[in-house]
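Work through the exercises below with the sequence and the model open side by side. Each task is followed by a worked solution.

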Amino acid sequence: MCSSDLERAAALDGLRRIRSQSVPHFVEALSNGDPGVRVFACESLGAMGKSATNAVPALKKALNDSYDFVRRQARQALKSIEGAEPAK
């Protein structure tokens with residue numbers, strides 16, 4: 001494993017350990033340099049549903065991410081949180 005793989009693994013492991021009430025930690029992860037970490041943050045926030053309402057502005061920003069998969073996961077998370085297809 002190279003250094004960036006180790007960093008990614010450590011970041012994902014840390015995010016997996018965060019309690020669902022820690023929306024700010026997942027919001028912060030949306031700006032991580034690794035797209036895999038950003039995808040995981042989107043998925044986690046989406047799984048929280050309405051309790052992640054505070055993450056909506058950051059998820060809307062993620063709709064413009066440079067990676068398509070991050071954009072798609074952000075869209076899905078917003079659907080889960082807001083209950084409908086988000087406006088861009």
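The exercises that follow concern a predicted model.

**Exercise 1. Overall make-up**

Task: State how many helices and strands the chain has, and what share of its residues is buried.

Solution:
- Step 1. Count the elements: there are five helices and zero strands.
- Step 2. Put them in sequence order, which gives the pattern α-α-α-α-α.
- Step 3. Turn to burial: of the 88 residues in the chain, 39% are buried.
- Step 4. Take the contacts with a separation of 6 or more; 48% of them join residues 24 or more positions apart.

**Exercise 2. The largest nonpolar core**

Task: Find which residues touch the most other members of the largest nonpolar core, and which element gives the most to this core.

Solution:
- Step 1. The core holds 22 residues, and Leu45 and Leu59 touch the most other members.
- Step 2. Two or more residues each come from helix 2 (23-29), helix 3 (35-48), helix 4 (56-62) and helix 5 (68-82).
- Step 3. Among these contributors, helix 3 gives the most, with seven residues.
- Step 4. Now list the partners of Leu45, leaving aside neighbours within four places in sequence: Val23, Phe26, Val27, Leu30, Ala52, Ala55, Leu59 and Ile81.
- Step 5. As background, nonpolar side chains in soluble globular proteins tend to be buried together.

**Exercise 3. Helix 3 against helix 5**

Task: Decide whether helix 3 is roughly parallel or roughly antiparallel to helix 5, and describe the residues where they meet.

Solution:
- Step 1. The two axes come within 8 Å and cross at roughly 10°.
- Step 2. An angle under 35 degrees counts as roughly parallel, so helix 3 is roughly parallel to helix 5.
- Step 3. The handedness of the crossing of helix 3 and helix 5 is left-handed.
- Step 4. On the helix 3 side, the residues are Pro35, Arg38, Val39, Cys42, Glu43, Leu45 and Gly46; on the helix 5 side they are Phe69, Val70, Gln73, Ala74, Ala77, Ser80 and Ile81.
- Step 5. Sorted by type, the residues of this contact are nine nonpolar, three polar and two charged.

**Exercise 4. Gln73: buried or exposed?**

Task: Classify Gln73 and name the residues that Gln73 touches, not counting those up to four places away in sequence.

Solution:
- Step 1. Locate Gln73 in helix 5.
- Step 2. The relative accessibility of Gln73 is 16%. Buried means under 20%, so Gln73 counts as buried.
- Step 3. With residues up to four places away left out, Gln73 touches Val39, Cys42 and Glu43.

**Exercise 5. Three residues and their C-alpha distances**

Task: Classify Ala11, Asp34 and Asp68 by accessibility, then give a C-alpha distance for each.

Solution:
- Step 1. Ala11 is in helix 1 (residues 3-17). Its relative accessible area is 24%, so Ala11 is partly exposed.
- Step 2. Asp34 lies in the loop between helix 2 and helix 3. At 19% relative accessibility, Asp34 counts as buried, because the cut-off for buried is under 20%.
- Step 3. Asp68 belongs to helix 5 and has a relative accessible area of 38%, so Asp68 is partly exposed.
- Step 4. For Ala11, the C-alpha atom is separated by 8.8 Å from that of Ala29, 18 residues apart along the chain.
- Step 5. For Asp34, the C-alpha to C-alpha distance to Ala11 is 9.2 Å, with their positions 23 residues apart in sequence numbering.
- Step 6. For Asp68, the partner is Pro35: they are 33 residues apart in sequence and 9.7 Å apart in space, C-alpha to C-alpha.

How values were computed
Residues numbered from 1 in each chain as written. Predicted model: local features only at pLDDT ≥ 70, side-chain atom pairs only at ≥ 80, totals over all residues. Heavy atoms only, no water. Core = buried A, V, L, I, M, F, W, Y, C linked by side-chain atoms within 4.5 Å. Buried < 20%, exposed > 50% of the residue type's maximum accessible area, 1.4 Å probe, protein only. Helix = DSSP H or I, 4+ residues; strand = E, 2+ residues; numbered from the N terminus. Contact = heavy atoms within 4.5 Å. Axes fitted to C-alpha atoms, helices over the stretch in contact; angles between N-to-C directions. Parallel < 35°, antiparallel > 145°, perpendicular 65-115°, else oblique. Left-handed = near helix turned anticlockwise from the far one by under 90°. Nonpolar A, V, L, I, M, F, W, Y, C, P; charged D, E, K, R; others polar.
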